[in-house]
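Hi,

Here is the structure I promised to pass on. Have a look at it first, and my notes on what turned up are underneath.

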Amino acid sequence: MSKLGCTCGHVITDQTDGLPYKASLLRDEVENEFWDEVHRELKPLVEAAESGDKAAIADAFGEFSPWFSAADKLQDRISSLYIRRMSSAYECQSCGRLWVQKDDSERFVSYVPEEGAYGAILAVASGGSENLN
Ligand SMILES: [Zn+2]
């Protein structure tokens, strides 16, 4: 999604990273499957790295790869698992509506906040780590 028109008329745009009004959602029903899939991707590489055996690394990745390339390939695999399992949620910065992506669909469903205003609930709390000191 690059743009989502909110009911209030505001257009929610998603054209960059690090948006304070966007989050990813991992449904509990697939959380274990997701982590199992990540583990299945990581295990052969970790075992190959521990062995120091280039043939084992080649087996894990289907071809011989220099380390940086193997790391890139692993990142691609994990990214695709992540994209397949995660849904997106957006918070309208104008009215505060929360838009949640339906599972396995490009459709979004909205929820109106009790306060009736933007609450930055998907943003990282500012100064949170400083307050711990
Ligand atoms: Zn809105």
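Let me start at the far strand: valine 100 has valine 109 in S6 as its bridge partner. A second pair on these strands is leucine 98 with tyrosine 111, the latter again in S6. Before I go on, please keep in mind that this is a predicted model.

Those two pairs belong to the pairing of S5 with strand S6 (residues 108-111), which is antiparallel and has four bridges. The two strands make a hairpin with six residues between them, and aspartate 104 has a positive phi there, near 55°.

On its other side of the story, leucine 98 in S5 also stands opposite glutamate 91. That takes us to S4 and S5, an antiparallel pair joined by three bridges. They form a hairpin too, with six residues between the strands, and glycine 96 in the turn has a positive phi of about 90°.

Now the metal, which I suspect you will want to look at. Which residues hold the zinc ion as protein donors? They are Cys6, Cys8, Cys92 and Cys95, each through its SG atom, at 2.3 Å from the zinc ion. The angles between the four donor atoms run from 106 to 112°, so the arrangement is tetrahedral. Along the chain, the donors are spaced as C-x1-C-x83-C-x2-C. Take cysteine 6 and cysteine 95 as a pair: they link distant parts of the chain, 89 residues apart. Cysteine 6 is in the loop between strand S1 (3-5) and strand S2 (11-13), while cysteine 95 is in the loop between strand S4 (86-91) and strand S5 (98-101).

Are these two cysteines buried or exposed? Cysteine 6 has a relative accessible area of 7%, so it counts as buried, the cut-off being under 20%. Cysteine 95 comes out at 15% and is therefore buried as well.

Some of the zinc donors turn up again in the largest nonpolar core, which has 10 residues in all. Its members include Cys6, Cys92 and Cys95, along with Leu4, Ile12, Tyr90, Trp99 and Phe108. Leu19 and Tyr21 are in that core too. Leaving aside residues up to four places away in sequence, leucine 19 touches Thr13 and Asp14.

That second neighbour deserves a few words. Aspartate 14 is in the loop between S2 and strand S3 (22-26). At a relative accessible area of 12%, aspartate 14 is buried. What does its side chain contact? There is a polar contact, at 2.8 Å, between the side chains of aspartate 14 and lysine 22.

Finally, the overall picture. The protein chain has four helices and six strands, and from the N terminus the order is β-β-β-α-α-α-β-β-β-α. Of its 133 residues, 27% are buried. Looking at contacts in the protein chain with a separation of 6 or more, 52% are between residues 24 or more positions apart.

If you open the model, I would begin at the zinc ion and its donors Cys6, Cys8, Cys92 and Cys95, then follow the strand pairs S4 with S5 and S5 with S6.

Cheers

Methods: Residues are numbered from 1 along each chain as its sequence is written. This is a predicted model: local features need pLDDT of at least 70, side-chain atom pairs count only at pLDDT 80 or more; totals for chains, interfaces and linings use all residues. Side-chain values use heavy atoms; hydrogens and water are left out. Donors are N, O and S atoms within 2.8 Å of the metal (3.2 Å for Na, K and Ca); water is not among the atoms, so sites may look incomplete. Four donors count as tetrahedral if all angles lie between 85 and 135 degrees; four count as square planar and six as octahedral if opposite donors are over 155 degrees apart and all others between 65 and 115; anything else is irregular. Buried means under 20% relative accessible area, exposed over 50%, partly exposed in between (1.4 Å probe, protein chains only). A polar contact is a pair of N or O atoms within 3.5 Å; within protein, one must be able to donate a hydrogen and the other to accept it, and residues adjacent in sequence count only if both atoms are side-chain atoms. A nonpolar core is a set of buried Ala, Val, Leu, Ile, Met, Phe, Trp, Tyr and Cys residues joined through side-chain atoms within 4.5 Å. Contact means heavy atoms within 4.5 Å. Two strands pair if DSSP finds at least two bridges between them.
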